[in-house]
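User: Could you take me through the middle of this protein, slowly? I'm new to this, so please spell out any term the moment you use it.

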Amino acid sequence: MEYGDGDQQHNGLSQKYDCLLFDVDDTLYPLSSGLAPKVANNIQDYMTEKLGIMENKVQELCLSLYKYYGTTLAGLRAIGYKFDYNDFHSFVHGRLPYDTLKPDPVLRNLLQSLPIRKVVFTNADKAHADKVLNRLGLEDCFEQILCFETLNDSTKGNDAVEDEEAAEVFDINEYSAAPNAGISLPKSPVVCKPFEEAFEEVFKIASINPNRTLFFDDSLRNIQTGKRMGLHTVRVSNDRNVLL
Ligand SMILES: [Mg+2]
């Protein structure tokens, strides 16, 4: 993130907001750290190695699942795969080169100087969020970390999904090719951004008033939902941070 400076800005912020809500990945550290493509590769490896999905199908499948379900994990569950969530997370995040993340004392000082509650809201698991925050030197800057396990029961990855009759996997690419053909998209049991339900849960759990909260995220669709839910928003991007 890039930051403005000055006491004036701080005072203005604390009058307008009583909570700052932050995404983690590619928001608290720059996209240029290179973690994002590593995560994507690990997800694809998980799909081929652990779920037996054909290598030549994986990339297209990932795109469709991300598009319709927010995360690949949520999508895989929706279309009928069963797997241990902790196993998925440790496979995908366990091999990441966290040492590419460096402490960010400027962000740390900025966060600590603001007399406003700070809360993390990420789709990632707790272990990953903790590791990232530790590497950035921000581990004690947030009042709460709301993550995958906050919104989902991590023991339910092998449960049957609602309405799931057969062991057959739903063909999301066929759906994607003709989304109006009358086939209905199966629902995912996973609660995550960018869906409103996830934001509603987070507002309840952390007692957040969206009208008094500034939300930072790099994902446009998360920002769009956030705005619809009444949050003030900052889209964090590589070039500059945009107040939307
Ligand atoms: Mg992000």
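**Starting from the core**

Analyst: Let's begin with Leu 21: setting aside neighbours within four places in sequence, Leu 21 is in contact with Val 119, Phe 121, Ile 208, Thr 213 and Phe 215. Here "in contact" means that two C-beta atoms, placed from the backbone, lie within 7 Å. Before going on, note that this is a predicted model, in which local features need pLDDT of at least 70 and side-chain atom pairs count only at pLDDT 80 or more, while totals for chains, interfaces and linings use all residues. Residues are numbered from 1 along each chain as its sequence is written.

Leu 21 is one of the residues with the most contacts inside the largest nonpolar core, together with Phe 22, Val 120 and Val 132. That core has 50 residues. A nonpolar core is a set of buried Ala, Val, Leu, Ile, Met, Phe, Trp, Tyr and Cys residues joined through C-beta atoms within 7 Å. Domain 1 (1-29 + 103-152 + 190-244) and domain 2 (31-100 + 154-184) both contribute residues, so the core lies between them. Those domain bounds come from an automatic or database domain assignment. As a rule of thumb, nonpolar side chains in soluble globular proteins tend to be buried together.

What does "buried" mean here? A residue is buried if 20 or more other C-beta atoms lie within 10 Å of its own, exposed if 12 or fewer, and partly exposed in between, with C-beta atoms placed from the backbone. By that count, 33% of the 244 residues in the chain are buried.

Now for the pieces of the fold. The chain has 11 helices and six strands; these are DSSP runs numbered from the N terminus, H or I of at least four residues for helices and E of at least two for strands. Contacts reach a long way along the sequence: of those with a separation of 6 or more, 72% join residues 24 or more positions apart.

Phe 216 in strand β4 shows that reach nicely. Its C-alpha atom is 7.7 Å from that of Leu 20, though the two are 196 residues apart along the chain. Phe 216 is buried, because 21 C-beta neighbours fall inside 10 Å. Leaving out neighbours within four places in sequence, Phe 216 is in contact with Phe 22, Asp 23, Thr 27, Val 234 and Val 236.

Asp 26 sits in the loop between β1 (19-22) and α2. With 20 other C-beta atoms within 10 Å, Asp 26 is buried. Its phi is near 60 degrees, a positive value in a residue other than glycine. Ser 207 has a positive phi too, near 50 degrees, and lies in the loop between α10 and β4 (213-217). But Ser 207 counts as exposed, because 10 C-beta neighbours lie inside 10 Å. One more backbone detail: the peptide bond from Lys 193 to Pro 194 is cis, with omega near 10 degrees, and Pro 194 is in the loop between α9 (172-177) and α10 (196-205).

Next, follow α2 (residues 35-49) to α5 (residues 85-94): their axes come within 8 Å and cross at roughly 135 degrees. Axes are lines fitted to C-alpha atoms, for helices over the stretch in contact, with angles running from 0 to 180 degrees between N-to-C directions. So α2 is oblique to α5; under 35 degrees would be roughly parallel, over 145 roughly antiparallel, 65 to 115 roughly perpendicular, and the rest is oblique. The crossing is right-handed, meaning that the near helix is turned clockwise from the far one by less than a right angle (anticlockwise would be left-handed). Where they meet, Val 39, Asn 42, Ile 43 and Tyr 46 of α2 face Phe 88, Phe 91 and Val 92 of α5.

Helix α2 has another partner, α3: the axes come within 10 Å and cross at roughly 130 degrees. That makes this pair oblique as well, and the crossing is right-handed. In α2, Ile 43, Gln 44, Met 47 and Thr 48 meet Glu 55, Val 58, Gln 59 and Cys 62 in α3.

Ile 53 lies in the loop between α2 and α3. It counts as partly exposed, because it has 18 C-beta neighbours inside 10 Å. Apart from residues up to four places away in sequence, Ile 53 touches Met 47, Thr 48, Val 58 and Leu 61. Finally, Lys 57 is in helix α3 (residues 55-69) and counts as exposed, with 12 C-beta neighbours inside 10 Å. The C-alpha atoms of Lys 57 and Gln 44 are 9.8 Å apart.
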